Amino acid sequence: MTTNELETLPISRAQFLKTDIFKNVSFESLAGYLLSCKKITAEPGTLLIDPNQPERKLLVLLDGKLEVVLSSKGGSFSDFILPGHCAGEMSIFDNVKPSAQVFAKEKSSLLVIDADIALAMLNASHDLCLNFLQLLSRRLRNNNKVVCEEEYHIRCIEENAKVDSLTGLHNRRWLEETYTRELKRSNDGNFSLSAFMLDIDHFKNINDTYGHLAGDQVLIAVAQEITRCLRPSDMPVRYGGEEFTVFLPNTTVDNAKIIAERLRAGVEKIRVALSTGEVINVTISVGFTERQAGDTVESIIKRADDALYHAKESGRNRVCLNLGEDSMFLF
């Protein structure tokens with residue numbers, strides 16, 4: 001190709017060599033195809049690719065910055081294209097209209113290649129094909145990373161929605177899912193399962209006397225002691241207010257009695273020191289029961305709650321076992 005002919009090309013050899021998408025590609029091998037392309041300048045905000053327009057074209061960014069905006073029912077996602085990279089290649093490959101809008105983020109200089117010319121260039125250069133494969137591979141890896149990060153954040157949000165923000169214990173939403181699953185497992189396999197209901201004694205008086213911030217300190221201290229006294233397999237939940245519940249898988253009523261007494265005695269030793277210098281002594285009452293055939297989450301918690309009520313009616317700071325049919329045993 002003569003010097004005069006080269007002057008008619010939309011980009012110079014120097015611009016060609018600086019463009020990542022043409023890395024390692026022979027300028028001479030594509031010069032004839034470049035004659036059919038055009039170079040444009042886009043002002044900021046110019047819509048360059050529109051899903052509503054069926055025209056397929058490859059845009060190679062020579063200078064400036066592009067913004068890609070993908071809209072869906074879940075919202076909008078945007079990304080940027082920097083000099084040396086391209087937009088619109090997916091429509092070239094799969095012969096489907098564009099899926100995203102592409103705007104000039106700032107004043108930009110672009111090489112515009114029609115779809116049929118772009119395909120002809122790919123057929124003419126293996127190195128160009130390799131560059132596109134590497135580009136698509138990087139974008140796929142990046143998209144996979146974004147998806148994984150989004151899934152991680154979703155899991156974190158879901159987990160946080162099942163955790164009581166004050167005590168760090170699980171909440172009623174988590175209880176409904178996990179207790180149902182654990183009770184089904186115990187019923188199906190006829191495994192031992194015990195359930196606790198715990199209540200902080202005279203908690204209203206604590207709030208009324210020392211204030212709600214002090215009440216929060218008490219709740220946190222009791223939750224920490226509950227966690228300390230239980231085994232990793234046990235399932236403590238802040239049931240609501242000053243009430244807590246625990247499922248203890250594979251636990252007979254005799255072992256549950258030992259754990260319940262350990263909980264009661266452990267909380268009795270708690271001393272919550274306030275900034276005023278005052279100290280709050282804390283006790284709990286505990287009601288517990290064992291799984292019976294045909295139990296639901298509601299029925300087993302109800303028996304444990306009845307035992308809790310009996311323990312409080314019998315003086316508080318007590319442990320009570322409910323075996324059903326008015327069989328209450330105080331310890």
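Modeller: Before we start on charges: Lys and Arg are taken as positive here and Asp and Glu as negative, while His and the chain ends are not counted. Also keep in mind that this is a predicted model.

Colleague: Fine. How far apart do the centres of the positive and negative side chains lie?

Modeller: On the positive side there are 38 side chains, and on the negative side 46. Take the centre of each set, and the two lie apart by 2 Å.

Colleague: What about the overall shape: what radius of gyration does the chain have?

Modeller: Start with the box around the C-alpha atoms, which is roughly 105 × 55 × 35 Å along the principal axes. A compact globule of 331 residues would come out near 20 Å. The radius of gyration of this chain is instead 35 Å.

Colleague: And how much of the chain counts as buried?

Modeller: The accessible surface is about 18100 Å², with 51% of that belonging to carbon and sulfur atoms. To count as buried, a residue has to be under 20% relative accessible area. Of the 331 residues, the share that does is 42%.

Colleague: Of the contacts with a separation of 6 or more, what share comes from residues 24 or more positions apart?

Modeller: The elements to connect are 11 helices and 16 strands. Among the contacts in the chain with a separation of 6 or more, residues 24 or more positions apart account for 69%.

Colleague: Let's go to the sheet with β1 in it. Which strands are its edges?

Modeller: It's an open sheet of four strands, paired antiparallel, in the order β1-β8-β3-β6. An edge strand here pairs on one side only. That picks out β1 (38-42) and β6 (86-87).

Colleague: Which residue of β6 is the bridge partner of L59?

Modeller: Strand β3 covers residues 57-63 and pairs with β6 in the antiparallel sense over two bridges. Within β6, the partner of L59 is A87.

Colleague: Just before β6 there's G84. Is G84 buried or exposed?

Modeller: G84 is in the loop between β5 (75-81) and β6. Beyond its sequence neighbours up to four places away, G84 touches T19, D20, I21 and L61. Its relative accessibility is 5%, and the cut-off is under 20%, so G84 counts as buried.

Colleague: How far is G84 from A311, C-alpha to C-alpha?

Modeller: Along the chain, G84 and A311 are 227 residues apart. In space, their C-alpha atoms are separated by 76 Å.

Colleague: E67 caught my eye. Is E67 buried or exposed?

Modeller: E67 is in strand β4, residues 66-72. Its contacts beyond four places in sequence are S78, D79, F80, Q101, V102, F103 and K105. With a relative accessible area of 17% against a cut-off of under 20%, E67 is therefore buried.

Colleague: Next, the hairpin. Which residue in the turn between β10 and β11 has a positive phi?

Modeller: Strands β10 (235-240) and β11 (243-249) pair in the antiparallel sense over five bridges, and V237 has T245 as its bridge partner. Two residues sit between the strands. The one in the turn with a phi of about 55 degrees is G241.

Colleague: At the end of α7, where is N190, and is N190 buried or exposed?

Modeller: N190 is in the loop between α7 and β9 (193-200). Most residues other than glycine have a negative phi. For N190, though, phi is positive, near 55 degrees. Its relative accessibility is 61% and the cut-off is over 50%, so N190 counts as exposed.

Colleague: What relative accessible area does S186 have?

Modeller: S186 is found in helix α7, residues 172-189. Leaving out neighbours within four places, S186 is in contact with F191, S192, L193 and R291. S186 is buried, at a relative accessible area of 0%.

Colleague: Last stop, β15. Which residue of β15 does V286 stand opposite?

Modeller: Strand β14 (284-290) pairs with β15 in the parallel sense, over three bridges. In β15, V319 and L321 point one way and C320 and N322 the other way, all of them buried. The residue opposite V286 is V319.

Methods:
Residues are numbered from 1 along each chain as its sequence is written. This is a predicted model: local features need pLDDT of at least 70, side-chain atom pairs count only at pLDDT 80 or more; totals for chains, interfaces and linings use all residues. Side-chain values use heavy atoms; hydrogens and water are left out. Two strands pair if DSSP finds at least two bridges between them. The radius of gyration is taken over C-alpha atoms; the globule rule is 2.2 Å times the number of residues to the power 0.38. Buried means under 20% relative accessible area, exposed over 50%, partly exposed in between (1.4 Å probe, protein chains only). Contact means heavy atoms within 4.5 Å. Accessible areas come from the Shrake-Rupley method with a 1.4 Å probe; for residues, only the protein chains shown count as cover. The place of a charge is taken as NZ of Lys, CZ of Arg, CG of Asp or CD of Glu.
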